[in-house]
Amino acid sequence: MIAPHTGVVRSWSCILAVAAMAIAGECLTAAGMRKLGDLDIIRARSGMAGAIRAVLSSPLFLLGASCMALNFFAMLFTLSIVDLSLAAPATASLTYVGNAVAAKLFLRENVDQRRWLAAVFVCAGVFLLAK
Amino acid sequence: MKHRLKPQQYLILIAIMLTASVGDSLLSRGMEQVGAVDVHHLGLLWHALFNPYVDAGIVLLIGFFASYMTALSWADLTFVMPATAFGYVVVAFLARYWRHEHLSIYRWAGILLIVCAVGFVANGPSRTEIPGEERPSHSDLNLMDSGAGR
């Protein structure tokens, strides 16, 4: 029989892994899109096919999309051992705060007081919605 | 410099809010009709592709991804994030008024918090100007068109 604290550690390890993959995926795709430039301008110049080609030829986007795919399968695995009522709000909230931290550190975004407050409000809101 | 959005860029953000939530709700409705899928009945997944709710859900989620990528090309991740969170609010309203589910006081409080979060961010600049960052200009894009830039 697994000790209760082992189960808790395992559950939260899975939740953290899911959130980490989501954060990596979101930040990499955001970095890819930022580097690519305004897609509306690219679409106006090269058409929809050109815009899709530009996105699909971005290595950062492809890496980010791979992380998102891994995140999907990690979430499926997590849901097999953790209740949805804990896994969904916990991963969503950790992802929102983690994205704000990662955006400041890696994407050099100006995460001011207003954006921090928004991330905290979203976390609290997601938890209340899951109740 | 403060980056303000153009009206069509606000439409993209609204598309992000609506397509993800309505797409998920349609997928949920479709999969209810298809039935539970397990490893012994994976063929049901193929069957699910012929369900109109599932098809509509897939189309909307493709639209969500396209809108999300477009928004990230002209706005910060921390600006777009609350817009995606607003999808939870839309799902809650769909649950209340389409599926006639009961919404507890906690859920209404959650909705209020997310609406406030969107309000905080929507009022500020959409993009951080990074010194020294090169943005593709129109002339660069002309080079991309001709293939000379690759």
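Q: The expected span of a helix is 1.5 Å times one less than its number of residues, so how far apart are the end C-alpha atoms of helix H3 (residues 59-81) of chain A?
A: They are 33 Å apart, which agrees with the 33 Å that its 23 residues should span at 1.5 Å a residue. Helices here are DSSP runs of H or I with at least four residues, strands are runs of E with at least two, and both are numbered from the N terminus.

Q: What kind of model is this?
A: A predicted one, where local features need pLDDT of at least 70 and side-chain atom pairs count only at pLDDT 80 or more, while totals for chains, interfaces and linings use all residues. Residues are numbered from 1 along each chain as its sequence is written, with chains lettered from A and ligands numbered from 1 in the order in which they are written.

Q: Which residues of H3(A) are buried?
A: Phe61(A), Gly64(A), Cys67(A), Asn71(A), Ala74(A), Met75(A) and Thr78(A). Buried means 20 or more other C-beta atoms within 10 Å of the residue's own, exposed means 12 or fewer, and partly exposed is in between, with C-beta atoms placed from the backbone.

Q: How about chain A overall: how many helices and strands?
A: Chain A has 5 helices and 0 strands, in the order α-α-α-α-α along the sequence. Its C-alpha trace spans about 60 × 35 × 25 Å along the principal axes, and 44% of its 131 residues count as buried.

Q: Is Ala90(A) buried or exposed?
A: Ala90(A) counts as buried because it has 23 C-beta neighbours inside 10 Å. This alanine sits in helix H4 (residues 84-105) of chain A. Its C-alpha atom is 9.9 Å from that of Val18(A), although the two are 72 residues apart in sequence.

Q: Switching to chain B, at what angle do H1(B) and H4(B) pack?
A: At about 45 degrees, with the axes of H1 (residues 7-34) and H4 of chain B 8 Å apart. Axes are lines fitted to C-alpha atoms, for helices over the stretch in contact, and angles run from 0 to 180 degrees between N-to-C directions. That angle makes H1(B) oblique to H4(B); under 35 degrees would be roughly parallel, over 145 roughly antiparallel and 65 to 115 roughly perpendicular, with the rest oblique.

Q: And which residues make that contact?
A: Among them are Leu13(B), Ile16(B) and Met17(B) of H1(B), and Phe86(B), Gly87(B) and Val90(B) of H4(B). Two residues are in contact if their C-beta atoms, placed from the backbone, lie within 7 Å.

Q: How many residues of chain B touch chain A?
A: There are 32, in contact with 36 residues of chain A. H5(B) provides the largest share of chain B's side, 10 residues. By class, that side has 21 nonpolar, 7 polar and 4 charged residues (Ala, Val, Leu, Ile, Met, Phe, Trp, Tyr, Cys and Pro are nonpolar, Asp, Glu, Lys and Arg charged, and the others, Gly among them, polar).

Q: Where do H2(A) and H3(B) meet?
A: Leu39(A), Asp40(A) and Val55(A) in H2(A) meet Met69(B), Thr70(B) and Ser73(B) in H3(B). Those contact residues divide into 3 nonpolar, 2 polar and 1 charged. The axes of H2 (residues 39-56) of chain A and H3 (residues 52-74) of chain B come within 13 Å and cross at roughly 125 degrees.

Terms used. The expected span of a helix is 1.5 Å times one less than its number of residues.
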